[in-house]
Amino acid sequence: MKSKYIKIWLTTSFIIVAAESLIMLVFWLMPSIPPLIQALIDSVLLSLIVVPLTYWLVFLPLTKSSHNLYTSNQQLVGTQDQALSLLIGLAAVRDNETGLHIVRTMNFVRTLAERLKEMGHYVAQLDDDFIHILYKVSPLHDIGKVGIPDIILNKESRLSEDERVIMMTHSAIGASILNAAKASFDNERGMIATAIEIAGSHHEKWDGTGYPNGLQAEDIPLSARIMSLADMYDALTSERRYKAAWTHEQAVQEIVKMKGVAFDPVIVDAFVLEGDQFKRIANDFKEN
């Protein structure tokens, strides 16, 4: 591409020099033309040559190149969205939660991220693109449940200790699944990279007692720290086969109690400020 435009530039320069030489020859053969008129004619004639040449040889190729690049980018975005939809569909089929759980947590993570940004926390990470990506990939946080046996995933009562250990492997399984898909998403800060963080680390705890890697504090990816609180709130306030739903107030009290233990303190602060919005989202997308 670079050599193409060098050739265009050389061709254009040659034509302009040749045209200028021809004009100067005409003036030499007609010395009676006043210098001011010569300069004016020279400018007009050169403009008549340079403007079309610039349009045909430079502007049109650049426009075509830009259009092709835009089309390629749009096709890439479309392909990524399709792949993301397939992954979300896979996660939803095997998830023991409902589709409304996905909708609620998507809105919870976006609410937290926007409030953190407004508060001035993690502003280097929380730009609009990252918040949008976080919102889109949050449904993949439990995709690793595709590797959990049905007898455990669909158990009506609480899990035994052995079953709980197996269930805990869903984080590592999810990260592995998404790592296999990462080759199609070459943006370092793109959707799948963020999804891997969420799936693999949303059960880590601020004090280092979480799983699967025992990460602590800011070693836990920000995306996973946000997802962790959103997922916990939804789990507490939703009815399960083995428990009744907690009230919003009970959930807030429990999450505040885990500030600096399970959750990033500033994310808990953002959650408290957005408590009414969390309650509104939970009611708007409540299970039937």
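The following conversation walks through selected helices and residues of a predicted model.

Visitor: Which residues of helix 4 meet helix 8?
Guide: In helix 4, they are Phe130, Ile133, Leu134, Lys136 and Val137. Their partners in helix 8 are Met191, Thr194, Ala195 and Ile198. By class, this contact holds seven nonpolar residues, one polar residue and one charged residue.

Visitor: At what angle do helix 4 and helix 8 pack?
Guide: Helix 4, residues 128-137, packs against helix 8, residues 191-201, at an angle of about 60°. Their axes are 9 Å apart. That angle makes helix 4 oblique to helix 8.

Visitor: Is the crossing left-handed or right-handed?
Guide: Helix 4 passes helix 8 in a right-handed crossing.

Visitor: What comes before helix 4? Where is Gln125, for instance?
Guide: Gln125 is in the loop between helix 3, residues 99-119, and helix 4. Gln125 is partly exposed, its relative accessible area being 37%. Between the C-alpha atoms of Gln125 and Ala113 the separation is 9.9 Å, and these two residues are 12 residues apart along the chain.

Visitor: Turning to Ser171, where is it?
Guide: Ser171 belongs to helix 7, which covers residues 170-181.

Visitor: Is Ser171 buried or exposed?
Guide: Ser171 counts as buried, because its relative accessibility is 0%.

Visitor: And which residues is Ser171 in contact with?
Guide: Setting aside neighbours within four places in sequence, Ser171 is in contact with Ala199, Gly200, His202, His203, Tyr211 and Pro212.

Visitor: How many residues of helix 9 are buried?
Guide: Of the 16 residues in helix 9, 14 are buried, so this helix is largely enclosed by the rest of the structure.

Visitor: What should helix 9 span, at 1.5 Å a residue?
Guide: Helix 9 runs over residues 222-237, and its 16 residues should span 22 Å at that rate. The end C-alpha atoms of helix 9 are 23 Å apart, which agrees.

Visitor: One more topic: where does Gly260 lie?
Guide: Gly260 lies in the loop that runs between helix 10, residues 248-257, and helix 11, residues 265-273. Gly260 is partly exposed, with a relative accessible area of 30%.

Visitor: What does Gly260 touch?
Guide: Not counting residues up to four places away in sequence, Gly260 touches Trp206, Asp207 and Pro265. Trp206 is 54 residues from Gly260 along the chain, yet the C-alpha atoms of the two are separated by 6.1 Å.

Conventions:
Residues are numbered from 1 along each chain as its sequence is written. This is a predicted model: local features need pLDDT of at least 70, side-chain atom pairs count only at pLDDT 80 or more; totals for chains, interfaces and linings use all residues. Side-chain values use heavy atoms; hydrogens and water are left out. Axes are lines fitted to C-alpha atoms, for helices over the stretch in contact, and angles run from 0 to 180 degrees between N-to-C directions. Helices (H or I, at least four residues) and strands (E, at least two) are DSSP runs, numbered from the N terminus. Angles under 35 degrees count as roughly parallel, over 145 as roughly antiparallel, 65 to 115 as roughly perpendicular and the rest as oblique. A crossing is left-handed if the near helix is turned anticlockwise from the far one by less than a right angle, and right-handed if clockwise. Contact means heavy atoms within 4.5 Å. Ala, Val, Leu, Ile, Met, Phe, Trp, Tyr, Cys and Pro count as nonpolar, Asp, Glu, Lys and Arg as charged, and the others, Gly among them, as polar. Buried means under 20% relative accessible area, exposed over 50%, partly exposed in between (1.4 Å probe, protein chains only). The expected span of a helix is 1.5 Å times one less than its number of residues.
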